[in-house]
Amino acid sequence: AKYSSSPVIKCELGDSLEEFLTKATPDKGLIRLLMCMGEAIRTIAYKVRTAACGGTQCVNSFGDEQLAVDLLADKLLFEALTYSHFCKYACSEEVPELQDMGGPAEGGFSVAFDPLDGSSIVDTNFTVGTIFGVWPGDKLTGVTGRDQVAAAMGIYGPRTTYVLALKGFPGTHEFLLLDEGKWQHVKETTEVGEGKLFCPGNLRATADNPAYEKLIQYYVREKYTLRYTGGMVPDVNQIIVKEKGIFTNVASPSAKAKLRLLFEVAPLGFLIENAGGYSSDGTQSVLDKVINNLDERTQVAYGSKNEIIRFEKTLYGSS
Ligand code: AHG
Ligand code: MN
Ligand code: MN
Ligand code: MN
């Protein structure tokens with residue numbers, strides 16, 4: 001099921017973020033929260049440019065080395081959520097426990113975020129990003145990705161963009177950070193069509209996952225174009241921008257699932273499906289998976305309808 005059915009005023013490309021949000025939802029609290037997150041993303045974009053790429057000698061609960069810039073982004077996002085006054089609970093990849101942000105449970109939201117996705121590619125100057133999902137009320141477990149009321153990513157590349165989708169409003173929308181500091185609506189995606197572009201994550205799993213190996217061989221044989229950076233944000237964003245392709249991150253006994261359902265996979269699933277694309281963990285949409293634990297991980301694919309059908313068939317269909 002898609003969220004694109006409700007009749008709403010169509011937004012005009014060129015709108016400011018606030019103009020767009022006012023047309024996209026009547027919920028003033030949600031508008032305020034998304035505007036505040038936009039402010040934090042703008043600051044992170046600026047900080048990432050000159051941040052030291054060194055570690056803090058700390059590892060988070062996922063076993064990732066934490067960079068100073070991971071923690072700075074984390075702090076800025078928690079502050080933005082407090083300042084929004086509409087966030088009840090928040091948690092992040094770096095602080096995966098519910099933090100009370102002081103907002104109301106009723107009429108307010110709970111937010112899960114990955115402050116900086118791709119921290120191991122800051123030094124190589126590849127694109128990195130922020131990912132977050134917004135759930136109504138005070139729950140981030142016992143819910144599914146489909147319960148999100150909005151999801152977004154901030155993208156720090158040659159351009160700084162804020163890509164977001166709202167429940168009940170069609171499309172996934174890209175805002176470009178202009179020189180004067182404003183966000184301008186520059187693209188909307190409502191369909192993901194077919195096209196031979198693949199983005200294969202966790203390729204090491206092909207060593208002991210023959211079905212994944214078979215899928216990769218299909219792309220090679222069919223002369224798909226390879227486009228992979230190792231940053232999930234730009235890797236998934238290209239499907240939304242190019243309106244075609246597939247991203248995979250498949251697990252095996254020796255190369256376990258790494259991506260986090262709450263902080264990464266569910267928000268990106270919301271962005272892809274609102275854009276007219278599809279997602280899967282191999283058997284179902286990632287938006288239908290119940291989030292049992294804040295730190296749950298999963299394998300995932302995002303892409304066009306036919307690519308996701310092929311993905312599920314090759315991984316778990318009888319051949
Ligand atoms: P993070 O930097 O937030 O810890 O996660 C990075 C993720 C994701 O962006 C990417 O798809 C994946 O790590 C790549 O992992 P490997 O480099 O281990 O394959
Ligand atoms: Mn990390
Ligand atoms: Mn990440
Ligand atoms: Mn991260």
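A manganese site and helix H4

In this predicted model, the manganese ion (ligand 4) has three protein donors listed by residue and atom: Glu93 (OE), Asp114 (OD) and Leu116 (O), at 2.2 to 2.8 Å from the ion. Along the chain, these donors follow the spacing E-x20-D-x1-L. Water is not among the atoms, so the site may look incomplete. Both Asp114 and Leu116 are buried. Glu93 also links this ion to a second one: it coordinates the manganese ion (ligand 2) as well as the manganese ion (ligand 4), and the two ions lie 3.6 Å apart.

The second part of this account concerns helix H4, which covers residues 210-221. Its 12 residues, at 1.5 Å a residue, should span 16 Å, and the distance between its end C-alpha atoms is 16 Å, so the two values agree.

Which residues of H4 are buried? They are Ala211, Tyr212, Leu215, Ile216 and Tyr219. These residues lie on the same side of H4, because the arc they cover around the axis is only 140 degrees. The spacing reflects a general property of the α-helix: with 3.6 residues a turn, residues three or four places apart point the same way.

The buried residues of H4 pack against three elements of the chain, namely strand E12 (197-201), strand E14 (246-249) and helix H7 (305-316). On the face turned away from this buried side, H4 carries the exposed residues Pro210 and Arg221. Just after H4 comes Lys223, which takes a positive phi of about 60 degrees.

Note on methods: Residues numbered from 1 in each chain as written. Chains lettered and ligands numbered in written order. Predicted model: local features only at pLDDT ≥ 70, side-chain atom pairs only at ≥ 80, totals over all residues. Heavy atoms only, no water. Donors = N, O, S within 2.8 Å, 3.2 Å for Na, K, Ca; no water. Buried < 20%, exposed > 50% of the residue type's maximum accessible area, 1.4 Å probe, protein only. Helix = DSSP H or I, 4+ residues; strand = E, 2+ residues; numbered from the N terminus. Expected span 1.5 Å × (residues − 1). Arc of directions from axis to C-beta. Contact = heavy atoms within 4.5 Å.
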